[in-house]
Amino acid sequence: MAPVPDLVLHAGQAVVDGEEAGPTTVVVHAGVVERVVALDRSLTGREVVDLGPDEVLLPGLVDTHVHINEPGRTEWEGFATATRAAAAGGVTTLVDMPLNSLPPTLDPESLAGKRAAAAGQCHVDVAFWGGAVPDNLGRLRPLLDAGVLGVKCFLPDSGVPEFPALDAAGLHRAAEEVAAAGGLLLVHAEDPDVLAAAPEPAGRSYRAFLASRPAAAEDEAIARVVEVARDTGARVHVVHLSSASALPVIAAAKADGVAVSVETCPHYLVLRAEDVADGATPAKCCPPVRDDANRDALWAGLADGTIDLVVSDHSPCTADLKSLDTGDFGTAWGGIASVQLGLPLVWTEASRRGHRLADVVRWMSAGPAALAGFGSKGAIRAGAAADLVALAPDSDLVVDPQRLYHRTPVSPYAGARLRGAVRTTWLAGRRLAPDVDGDEPRGRLLARGEA
């Protein structure tokens, strides 16, 4: 006799294997989707859930760009708070960035420290990126073999002294080493010489801050990254693309078969420089939010596939580091905390522009899962992990920073009315949200090739 399913979900609408579907039943057993069929209420299990008529069933989001900062800067963010916020936002898997924690994730020992800090705290599945800095070049293979999904480097100053940038020779060497290991190299691509020649950021003026991080810095760095990928054969990923003027170079490289991919973030797709008030340091990030025409061009890059995915770049800090008292863009930490808000932020703007939920799933679930090598995640299909989200796409959500679960309640979206409310999140078929407070953390710590 076949085992009784653990969970059966009946949904009036779903995004199944990347396509929008009508009434659907999803059968889950042992944390895995056993089958997906047209709505069949005769199917039953230990738990049966009927989604509301205003809800759509989606695969859980995968966020491959999250700064958790624990250990070392846990007062900025920690595994318990970041993963609780992720679960409330429909994110069922995230990947932690190697810097802003102390020590950064630069060798197998520091990776082991990360995993020890995360153990027993995570409400969602968590994996890890490693880092490439001048001192660990030549030793990236052991880090990859220890289980990181890939390694990240900076071309400009990272903002923290323990994670120095790579120069042009270092970038090439890192790419060669990653290519030999069959790994992935992530690059924060801004040219340090262009940044050095730009005006220093200081004071409350957002226009002045924007001038300090010109689009040319991204454009020149990305052109260099493409050439390094072309020369070495490395698989290279450009993180948090802000400058749409770099898109033609990326598109041409892809057409030539260069193994380059690129992400952008909700803040670049939703916010506009024209709307950032002087002194509004919660909106500071690096590279910066640019103007409306640039935003439109990023959306065009998503639509035509030049941009592969959308992830949060969740980069929180303590409130004092945002210089809220002075509004000084020169001294404020550059980072936006949004892991809980990514889905409604992107859906609000995407729906306004005529995109479908299937598009959002491709950008925020399937795309990041493919980047990370998570073959069992990113889609609702038989054999996939039962990581699922019930979204009410037409429900309004007003952002109240005090109701966000990440550690410090600072957000550039405070008071914004968004479209789309996450009603429930399931991880491996077990309900997590809307309120995971008091739940036993049940997320797994993943290594390369494990999901």
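**Exercise 1. Classify Ser323 by accessibility and describe its backbone.**

Step 1. At 8% relative accessibility, Ser323 counts as buried. Buried means under 20% relative accessible area, exposed over 50%, and partly exposed in between (1.4 Å probe, protein chains only).

Step 2. Place the residue. Ser323 sits in the loop between S16 and H11. Helices (H or I, at least four residues) and strands (E, at least two) are DSSP runs, numbered from the N terminus.

Step 3. Read the backbone. Phi of Ser323 is near 50°, a positive value in a residue other than glycine. Most residues other than glycine have a negative phi.

A note before going on. This is a predicted model, in which local features need pLDDT of at least 70, side-chain atom pairs count only at pLDDT 80 or more, and totals for chains, interfaces and linings use all residues. Residues are numbered from 1 along each chain as its sequence is written, and side-chain values use heavy atoms, with hydrogens and water left out.

**Exercise 2. Find where Ala428 lies, and say whether it is buried, partly exposed or exposed.**

Step 1. Ala428 is in the loop between S18 and strand S19 (430–433).

Step 2. Its phi is near 50°, again positive in a residue other than glycine.

Step 3. The relative accessibility of Ala428 is 37%, so this residue counts as partly exposed.

**Exercise 3. Describe the overall build of the protein.**

Step 1. Take the secondary structure: the protein has 12 helices and 19 strands.

Step 2. Check the compactness. The radius of gyration is 21 Å, close to the 22 Å that the globule rule gives for 451 residues, so the protein is as compact as a globular protein of that length. The radius is taken over C-alpha atoms, and the rule is 2.2 Å times the number of residues to the power 0.38.

Step 3. Get the extents. The C-alpha trace spans about 70 × 45 × 45 Å along its principal axes.

Step 4. Look at burial and contacts. Of the 451 residues, 59% count as buried. Among contacts between residues at least 6 apart in sequence, 74% join residues at least 24 apart. Contact means heavy atoms within 4.5 Å.

Step 5. Count charges. There are 39 positive and 59 negative side chains, and the centres of the two sets lie 3 Å apart. Lys and Arg count as positive and Asp and Glu as negative, while His and the chain ends are not counted. Each charge is placed at NZ of Lys, CZ of Arg, CG of Asp or CD of Glu.

**Exercise 4. Trace the open sheet of 6 strands.**

Step 1. Write the order: S11-S12-S13-S14-S15-S16, with parallel pairing. The edge strands are S11 (130–131) and S16, each pairing on one side only. Two strands pair if DSSP finds at least two bridges between them.

Step 2. Start with S13 and S14. Strand S13 (residues 184–188) and strand S14 (residues 235–238) run parallel, joined by 4 bridges. Leu185 has Val236 in S14 as its bridge partner.

Step 3. Move on to S15. Here 3 bridges join S14 to strand S15 (residues 260–264), also in parallel. His237 has Ser261 in S15 as its bridge partner.

Step 4. Recall the chemistry. Strands of a sheet pair through backbone hydrogen bonds, either parallel or antiparallel.

**Exercise 5. Describe the surroundings of two loop serines.**

Step 1. Ser315 lies in the loop between strand S16 (309–310) and helix H11 (342–352). Its relative accessible area is 6%, so Ser315 is buried.

Step 2. List its contacts, not counting residues up to four places away in sequence. Ser315 touches His67, Asn100, Trp333, Gly334, Gly335, Ile336 and Ala337.

Step 3. Ser411 lies in the loop between strand S17 (388–398) and strand S18 (417–427). Ser411 is buried, at 8% relative accessible area.

Step 4. Leaving aside neighbours within four places in sequence, Ser411 is in contact with Pro282, Leu341, Val399, Pro401 and Leu404. The C-alpha atoms of Ser411 and Ser338 are separated by 7.7 Å, and the two residues are 73 apart along the chain.

**Exercise 6. Locate two cis peptide bonds.**

Step 1. One joins Leu102 and Pro103, with omega about 0°. Pro103 is in the loop between strand S9 (91–96) and helix H2 (108–118).

Step 2. Another joins Cys286 and Pro287, with omega about 0°. Pro287 is in the loop between helix H9 (266–270) and helix H10 (292–303).

Step 3. For context, most peptide bonds are trans.
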